[in-house]
Amino acid sequence: EVHVRVKVADGQLTVAVQDNGIGPAGVTERGGLANLRGRAEAHDGTFEIRPGEPAGTVLQWTVPV
């Protein structure tokens, strides 16, 4: 199962994608994940990978608009 949230508030665009999988314990940023971080940072934004609640993984990409 995957949930996608897109939000524009306080001058920022945030896209968050959360799954409910168990996935690997450690995530290596390469390929697409490294690309997401690079694009966010190129636009003064951030990219975050964190555990979901109660399970899964959340990828959150935020840039100013």
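Before I come to the hairpin, let me say that two strands count as paired here if DSSP finds at least two bridges between them, and let me add that what we have on the screen is a predicted model.

With that in mind, strand 1 and strand 2, the latter being residues 12-19, pair in the antiparallel sense, and they do so over 8 bridges. In the register of that pair, Ala-9 stands opposite Gln-12 of strand 2. The hairpin that these strands make has 2 residues between the strands, and in this hairpin Asp-10 takes a positive phi, near 55 degrees.

Now to the sheet as a whole, which is open, has 4 strands in the order 1-2-4-3, and shows antiparallel pairing. Strand 1, residues 2-9, and strand 3, residues 46-51, stand at its edges, and because each has a single partner strand, one side of each is left without a neighbour in the sheet. From one strand to the next, the twist averages 15 degrees.

How many of the 8 residues of strand 1 are buried? The number is 0, so this strand lies largely in the open; I would remind you that the cut-off for buried is under 20% relative accessible area.

At the other edge, strand 3 pairs with strand 4, residues 57-64, again in the antiparallel sense, and here the pairing runs over 6 bridges. Within this part of the sheet, Thr-46 stands opposite Thr-62, a residue of strand 4.

Let me turn to the charged side chains, where a search of the whole structure finds 2 salt bridges.

One of them joins Arg-37 and Glu-41, whose closest N and O atoms are 3.8 Å apart, a distance that can be set against the cut-off of 4 Å. What separates these two residues along helix 1? They are 4 residues apart in that helix, which spans residues 32-42, so about one helical turn lies between them. Both ends of this salt bridge are partly exposed, Arg-37 with a relative accessible area of 25% and Glu-41 with a relative accessibility of 48%.

The other salt bridge brings together the side chains of Arg-50 and Glu-48, with a distance of 3.4 Å from N to O. Are these two residues buried or partly exposed? Arg-50 is partly exposed, its relative accessible area being 29%, and Glu-48, at 36% relative accessibility, counts as partly exposed as well.

Methods. Residues are numbered from 1 along each chain as its sequence is written. This is a predicted model: local features need pLDDT of at least 70, side-chain atom pairs count only at pLDDT 80 or more; totals for chains, interfaces and linings use all residues. Side-chain values use heavy atoms; hydrogens and water are left out. Buried means under 20% relative accessible area, exposed over 50%, partly exposed in between (1.4 Å probe, protein chains only). Axes are lines fitted to C-alpha atoms, for helices over the stretch in contact, and angles run from 0 to 180 degrees between N-to-C directions.
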